[in-house]
Protein chains: 2
Amino acid sequence: MLELPILGFLHEAPLHGYELRKRVAALTGHIKPIAESTLYPAIKRMEKAGWLRRDPQPGAVAAPRHVLSLTDEGRAELMRRLADPDPLDISNENRWFTVLAFLRHLADPAAQAVVLRRRLAFLEEPSSFFYADERPVSAEEVDDPFRRGVLVIARATSRAELGWLRSTLAALDAAG
Amino acid sequence: MLELPILGFLHEAPLHGYELRKRVAALTGHIKPIAESTLYPAIKRMEKAGWLRRDPQPGAVAAPRHVLSLTDEGRAELMRRLADPDPLDISNENRWFTVLAFLRHLADPAAQAVVLRRRLAFLEEPSSFFYADERPVSAEEVDDPFRRGVLVIARATSRAELGWLRSTLAALDAAG
DNA sequence: ACGTCATACATCGGCACCGATGTATAGTCC
DNA sequence: GGACTATACATCGGTGCCGATGTATGACGT
């Protein structure tokens, strides 16, 4: 969950922990804030995995900063995660948005299109939130105004995303 | 995450674990499947908390079933969680949808309206995914087609939900 | 009679994340 | 010069969730 944005931001520029945290907060913080006590263990984990380097920078401000930068292995890991995302990255909107935020780093338009097509397939497969007798219930059939809201909102989102996906895929196919 | 749907479904009818799992899967399973090894510990936890009762039903099928039903305390807990949801239930779309799926059980229209207004306030407060120089970046300004997609989709969702929220709130206010 | 599958419940080890708390330094205000 | 705040990194215990695996029974085909 946290590792993809860390890889993504560090691919764009070396950062120290505090700045990294601010960027992650800007990206997804309004949905789910990220605690400091989650970030630093994640950094350690990823350093141990060989994905990033920590260079002490005993500079001007406050406590000594560690400048974080991606290793070649870290870059490879980022590309692997972008090219072949976890199923949850496809189905969960927040995680999908994180993939989209860094997908441009996957330089090849064809590879980008493959990822978009996975999301397209997910959105096109029939699914609902509510069922009666094994059959999906449409918004029009639901009495409960709150459950109807869920369906109305989900439908609007789906429509907007399908439109965007199709036009973007057309552009990518033309480019490739 | 799991406890609210369990409370909600058991409020509607006593169920055994397997059936409960199927209902939870129908509600949110297409986004994030729920493992059996998560459900049963959750049930135990909630039984220990006094929210539900497990009555063995050594009936016809397969392994002995436990029929799960809410206690009065469980019902009170459900009402508390619906009336005063966790901040994450408001900001995270999937969790918000779960609240909506059971909000009708909060019988009082005024109490329902309070919850909807919290979501309204969340959606109305300006927020973005991407920032440049501390300033939010609008879809029109973004070069990257993928980041533009995030903003376009989020905007469509927000518009649809704001419309639904305002009309539903009007109806609730008229009813109260 | 036997293998296979679906149903139903259960345990265990591991991991990501979090809240609480701690430490240390630089800047700001009075 | 002392109180306070913001920055920056860190540890610890607890919790919720998961994958792997196990156990037991009824249903069904052959």
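Me: In chain B, what is the order of the three strands in the open sheet?

Reply: This is a predicted model, so let's take the sheet as it is drawn there. Three strands of chain B make up an open sheet, and their pairing is antiparallel. Reading across, the order is β1-β3-β2.

Me: Which strands of chain B stand at the edges, and why is one side of each left without a neighbour?

Reply: Each edge strand has a single partner strand, so one side of it has no neighbour in the sheet. The strands in that position are β1 (15-16) and β2 (52-57) of chain B.

Me: Which residue is the bridge partner of His16(B) in β3(B)?

Reply: β1(B) pairs with β3 (residues 65-70) of chain B in the antiparallel sense, over two bridges. His16(B) has its bridge partner in β3(B), and that residue is Val67(B).

Me: What angle does the direction of helix α1 of chain B make with that of β3(B)?

Reply: Helix α1 (residues 3-12) packs on the sheet of chain B, where it touches β1, β2 and β3. Its direction and that of β3(B) make an angle of about 90°.

Me: What kind of axis relates chain A to chain B?

Reply: Chain A superposes on chain B with an RMSD of 0.0 Å after a rotation of 180° and 0.0 Å of shift along the axis. That is the relation of a two-fold axis.

Me: And in chain A, which residue has the C-alpha nearest the axis?

Reply: The C-alpha in question lies 2.5 Å from the axis. It belongs to Thr157(A).

Me: How much of the contact surface of chain A recurs in chain B?

Reply: The same surface serves both copies. Among the contact residues of chain A, the share that recurs in chain B is 100%.

Me: Now the DNA: what share of the atoms of DNA strand D within 4 Å of the protein is sugar and phosphate?

Reply: DNA strand D is surrounded by 25 residues, the closest being Tyr18(A), Lys44(A), Arg65(A), Ser37(B) and Thr38(B). Of the strand's atoms that come within 4 Å of the protein, sugar and phosphate make up 71%.

Me: How far is a polar side-chain atom of Thr38(B) from a phosphate oxygen of DNA strand D?

Reply: Chain A offers a polar side-chain atom of Arg54(A) at 3.0 Å from a phosphate oxygen, and a polar backbone atom of His66(A) at 2.8 Å from one. For the side chain of Thr38(B), the distance is 2.4 Å.

Me: Which element gives the largest share of the surface near DNA strand D?

Reply: Elements giving two or more residues are α2 (17-28), α3 (36-48) and β3 (65-70) of chain A, plus α3 (36-48) of chain B. The largest share is four residues, and it comes from α3(A).

Notes. Residues are numbered from 1 along each chain as its sequence is written. Chains are lettered from A and ligands numbered from 1 in the order in which they are written. This is a predicted model: local features need pLDDT of at least 70, side-chain atom pairs count only at pLDDT 80 or more; totals for chains, interfaces and linings use all residues. Side-chain values use heavy atoms; hydrogens and water are left out. Copies are superposed by least squares on the C-alpha atoms of residues with pLDDT of at least 70 in both. Contact means heavy atoms within 4.5 Å. Two strands pair if DSSP finds at least two bridges between them. Axes are lines fitted to C-alpha atoms, for helices over the stretch in contact, and angles run from 0 to 180 degrees between N-to-C directions. A residue is near a molecule or strand if one of its heavy atoms lies within 4 Å of it. A polar contact is a pair of N or O atoms within 3.5 Å; within protein, one must be able to donate a hydrogen and the other to accept it, and residues adjacent in sequence count only if both atoms are side-chain atoms.
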